[in-house]
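Student: Got a minute to go through a structure with me? I'd like to poke at some local details and then zoom out.
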Amino acid sequence: MGALQECSARPGKAFANNPGTGWHKPPGGVTPHFMGPVARRSSIAGWLASTACRRRLPLLLVALAAVAFGTWFSTTDLSSGANPSDGLPDSRVTLRFVSWKPDHPRAWDEAIARFQEAHPDISVVREIAPHSSTAYHDLLTQKLKNRDRTVDLFFMDVIWVPEFAAAGWVLRLDDLFPESERAAFLPATIVTGLYQDHVYGVPSRIDAGLLYYRTDLLNKYGYAPPQTWSELVEQAEAIVRKEAAAQPTLRGYSAQFKQYEGLVCNMLELVGSHGGSLVGEREGSSTLAAPETLAALRFARDQLMGRVAPRALLTYQEPESLAAFVQGQTVFHRNWPYAWEVVNNRERSKIAGLVGVAPLPGTANHRGVATLGGWLFGISALSAHQQEAWAFISFLSSEAIQKHFALSAGIAPSRRALYDDPALLDAHPHWRNQLAVLQSATPRPRTPVYPAVSHILQRFFSRALAYPAVNLAEEATTADEQITRLLALTRSAT
Amino acid sequence: MTQPAIDLATTPQTGPRARARWLDRLQAWWMIAPALAFTLVFALYPVIESFLLSLQRVFLAVPSLGQQWVGLDNFRLLVQDPVVRQALGVTLGFVLLSTALEVALGLAIALVIHEQFRGRGWVRAAALIPWAIPTVVASQMWRYIFNDQYGFANLLLFGDEVARYVPWLASPGFAFVIIVLADVWKTSSFAGLLLLAGLQVIPHELYEAAKIDGATLWQRFWHITLPLLRPAILLALLFRTMDAFRVFDLVFVMTQGGPGDATQVLQFYGYKTLFTEGRMGYGAAISVLVFLTILSLSLVYIRAVGSRLLEREAR
C-alpha cells in the first residue's frame, strides 16, 4: 500500500529520493558507509513500485476491467428483449445451460430467442465453456463432481454418457424420453445416449468422419473418389506431382493427428478399415497388438504421413486441418459434417463449390469405417428445474430447430425425417447419399473410464506416428495391458 | 508495542518480569496468528489432504468402487507406469536446461541493467516485459511463432520458400526445445531481477580497490562479483528450479504433451489424471511425487544457501 501512496504523492519521482521515506536515506543526510550501494541506487522494491505506479497501474486497471467485463459477459442473461426486472421476477425460472463456445453463435442466439418467446416464464442463461471437447469435459465434470447446483443442463459428447451415467451426474430420462419418442431419431444416435439399458441423453445431431475432396483436381486428372486408402495415396501423389509447377505447396491429405481425442477418431477409422478394432469383441480385451491394427498404423505412418500428408499433421486439430484444406493446400481432407458449410462459405474458403464428399476409403478386404461422433443434451441430476430443462431440450431437439441449425450452421440432424426434407437436401445435397455412412458409423469404446482409455490410445498412436523407430508390437502390448486393467476395474465393480 | 522493552540477558526468571515475558510471547503469537492460520489453511491442509488421497483409490467414473484405503498401491503403480517414467525424464530435462539457461541469461541481464547509463529505466522495464505477460498468452504466441504455415520462425529462416517450411512442433525434439525456449524467454528476467538484488549489495569500494590494484574487468568479475553473488545465484536457482518443476501451462497450450508424449511433463499428466480421467487417488499420488521432489530439491538448495551465508558471517 505504501507504494501506491508514495506514487500518488510524488508521481514520477524515484522512491529513494523521497525525503519522506527515512528508511532509504537517513535524515542526517550523511549516507552511512555500510548501506551505500542500497541507498545510492534505488532499491529494487522501490523501483518496482514506482514503475508499477507510473507505467503499469493504468494497464493493470484496464486488465482488471477487462476481466470483470469478461466475467459479466460470459454469464450474461441472453433472454432477448425481456428484462428480468421489469417482468415477473419471482415467477420466472432461470435455467443454467453449460455449453461449449458455439461455431455459429448467431444461430444459437436465434434459437434461444425463439425459445424465450414460446416460454416467457423461463429464462435461459448460457455459461460458455471452451470450444475443445476435452477442455469442456474437464470444466463441466469439475462442476458436476463438486455437486454444483447451478448447472441445470449441458452437452455430452457421445463418449461421455457411460461416465456421466455411472457417476450419477446426469438424470435418467426413461420416462421423459420414451421409446415412442426415440423412434423419430436415427438409431445410431439413440444408442449413444444409453447406458445399461437406460436413456440419459437426447441426441442433438449426428457426426461421422467423411472424406472431402477437390472435385476440380480429381476431374482434371480423371479420377473418381478413392474407394481404398491406397487409391487415395496414389491419386494424391499423382495430383501433387502434376500440380507441382502451378502450386508447389499443394499436399495430398489433411486430417487430425495431434495427440488429443481427435487422433483416436482418425485412427479408429484407419484401424477399422484394415479389419481391426480398438477394443476386442469380448468386452474387456483389447486388440491393439493384432496384425490388422499394426498394418493400419504402418499405413498411417509410412503412406499417409510419409508420402502424401505433411508432417505438420501431428500438430493439427480440426481447425488447423480444415484451414489447410479451405486455403486450397490439400487434395483430400478428413472431417466431420460441419466442414461442408465452411468449405462452401465464400468468405472463409478459397475452394467454395469445388468440393465433393465421399465415405472414407476402405481397403481391399474391408469397407471404409467412419467414427461416430455427436453431442447429446443431458440434465443434471441435481438440477432443481428438471421439467423446465426438459422443455428446453425438447424445443432444441425439435424438427424445426434441428432444421434451423442444419440450414444456418451445417449441423447434421439426429431426426430421421429431416433427411427427406427438400429444403435441407437442397442445401446439403450429399446428405441423401451420406445417410447410410452416418447411420453405420462406428462408436468408440463405450465405458465409464473412457477418458483414461483414450489417453492410453492417444499416447500409443501418437508415439507410433511420431517415432518411426518405435517397436509397434511392444508398445501395443503395453497399451493393451493398461486398457485391459482399466476395464477390469469397472467390471469387478459391477 | 505497549509492553516495556525487556533486557533478556539481565532479567532474573522471577515474579512480574516472568509474567511480562509470558505476556510478550502471548502477544507475539497473537500477532502471527493470522499469517499462521492462513498458512495452515491454504498450504498445509491441501498438502495433507493430497497425501491422504494418494493412499486411497477413488475413481469418479466408477463410484461403485467406493473410496478404499489401498496403502501404497498408487505409488507402486506410479513406479511401474511408463508415462510417469517418461514424464519424469522430460520434466527433469526441462528443469535442468531451462534453469541453467535462465540463470546464465539472467546474470547477463542483471549485469547490464546494473550499470549506469542513459535510458536504463527503459531497458529495465523492457527486460521485465516477458515476465509480465501471462504464461498462457506467451505460450499461445510461441505456438504461432512456430506454426508450420504462417509462423514467424519459418519466415525468418526460409523467407518465401514456403516449400521448405518446417512443422517445428511436429518433431519430438524441436517441440521439447521450443518449450524450453519459451520458458527461458519468459523467466530469464525474473532470475535477472533476483541477481540484480545481489549485485546491488556488493560494496562499490571493492571494485575501486581492485581497479587501483590493476585488476582487469574480467578479474573483477571473476574474483569479486561472482563469489559475492553466489548466495543470490543459489537463490535464483532455487526459485527457478521449484518453478520449472511445476511447468504446466506451456505444455497445456502448445503441445498437450505431444507429439508422442515428447513434452509430457508430470504436472500435465497429473492434471489429465485428476481432471479428465477422474482418478483422484492416482492423480494425488502424482502430485505428491511432484511435491516431494520439489521439497527435497529445495532442502538441498537451502542447505547450500544457508552454509554459504554462515561462511560469510564467520569471515
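Student: Where does Asp261(B) sit?
Tutor: In this predicted model, Asp261(B) is in the loop between α10 and α11 of chain B.

Student: And is Asp261(B) buried or exposed?
Tutor: Buried: 24 other C-beta atoms lie within 10 Å of Asp261(B), and the cut-off for buried is 20 or more. Its phi is also positive, about 65 degrees, although Asp261(B) is not a glycine.

Student: What joins Gly258(B) and Pro259(B)?
Tutor: A cis peptide bond, with omega at about -10 degrees. Pro259(B) has its place in the loop between α10 (249-254) and α11 of chain B.

Student: OK, over to chain A. What's phi for Asp197(A)?
Tutor: Near 70 degrees, so a positive value in a residue other than glycine. Asp197(A) lies in the loop linking β4 (194-195) and β5 (198-199) of chain A.

Student: Does it count as buried or exposed, that Asp197(A)?
Tutor: Asp197(A) counts as exposed, because it has 6 C-beta neighbours inside 10 Å and the limit for exposed is 12 or fewer.

Student: Let's do the sheet. What's the order of the four strands in chain A?
Tutor: The order is β9-β10-β8-β11 in an open sheet of chain A, with mixed pairing. β9 (251-254) and β11 of chain A are at the edges with a single partner strand each, so one side of each has no neighbour in the sheet. From one strand to the next, the twist averages 20 degrees.

Student: How many bridges join β8(A) to β10(A)?
Tutor: Four, and the two strands run antiparallel. For Leu210(A), the bridge partner in β10(A) is Asn335(A).

Student: Which strands does α13(A) lie across?
Tutor: Helix α13 (residues 318-326) of chain A lies across β8, β9 and β10 of chain A. The angle between α13(A) and β10(A) is about 150 degrees.

Student: Next one: which residues of α18(A) are buried?
Tutor: Trp431(A), Gln434(A), Val437(A) and Leu438(A) are the buried residues of that helix, which covers residues 431-439. Looking down the axis of α18(A), they fall within an arc of 100 degrees, so they line one face of the helix. In general, an α-helix has 3.6 residues a turn, so residues three or four places apart point the same way.

Student: What's on the other side of α18(A)?
Tutor: Arg432(A), Asn433(A) and Ala436(A), which are exposed there.

Student: And what do the buried residues of α18(A) pack against?
Tutor: They pack against β7 (207-208), β8 (210-214), β11 (355-358) and α17 (422-427) of chain A.

Student: Zooming out: what does chain B have in the way of helices and strands?
Tutor: Chain B has twelve helices and two strands. Its radius of gyration is 26 Å, well over the 20 Å the globule rule gives for 315 residues, so chain B is more spread out than a compact globule. The C-alpha trace of chain B spans about 85 × 70 × 30 Å along its principal axes, and 33% of the 315 residues of chain B count as buried.

Student: Last thing: how many residues does each chain put into the contact?
Tutor: Chain B gives 38 residues and chain A gives 42 residues. On the chain B side, α3 (82-114), α7 (172-200) and α11 (266-276) each supply at least two residues. The largest share of that side, five residues, comes from α7(B). By class, the side of chain B touching chain A has 24 nonpolar, nine polar and five charged residues.

Terms used
Residues are numbered from 1 along each chain as its sequence is written. Chains are lettered from A and ligands numbered from 1 in the order in which they are written. This is a predicted model: local features need pLDDT of at least 70, side-chain atom pairs count only at pLDDT 80 or more; totals for chains, interfaces and linings use all residues. Two residues are in contact if their C-beta atoms, placed from the backbone, lie within 7 Å. Ala, Val, Leu, Ile, Met, Phe, Trp, Tyr, Cys and Pro count as nonpolar, Asp, Glu, Lys and Arg as charged, and the others, Gly among them, as polar. The radius of gyration is taken over C-alpha atoms; the globule rule is 2.2 Å times the number of residues to the power 0.38. The arc is that of the directions from the helix axis to the C-beta atoms. Two strands pair if DSSP finds at least two bridges between them. Axes are lines fitted to C-alpha atoms, for helices over the stretch in contact, and angles run from 0 to 180 degrees between N-to-C directions.
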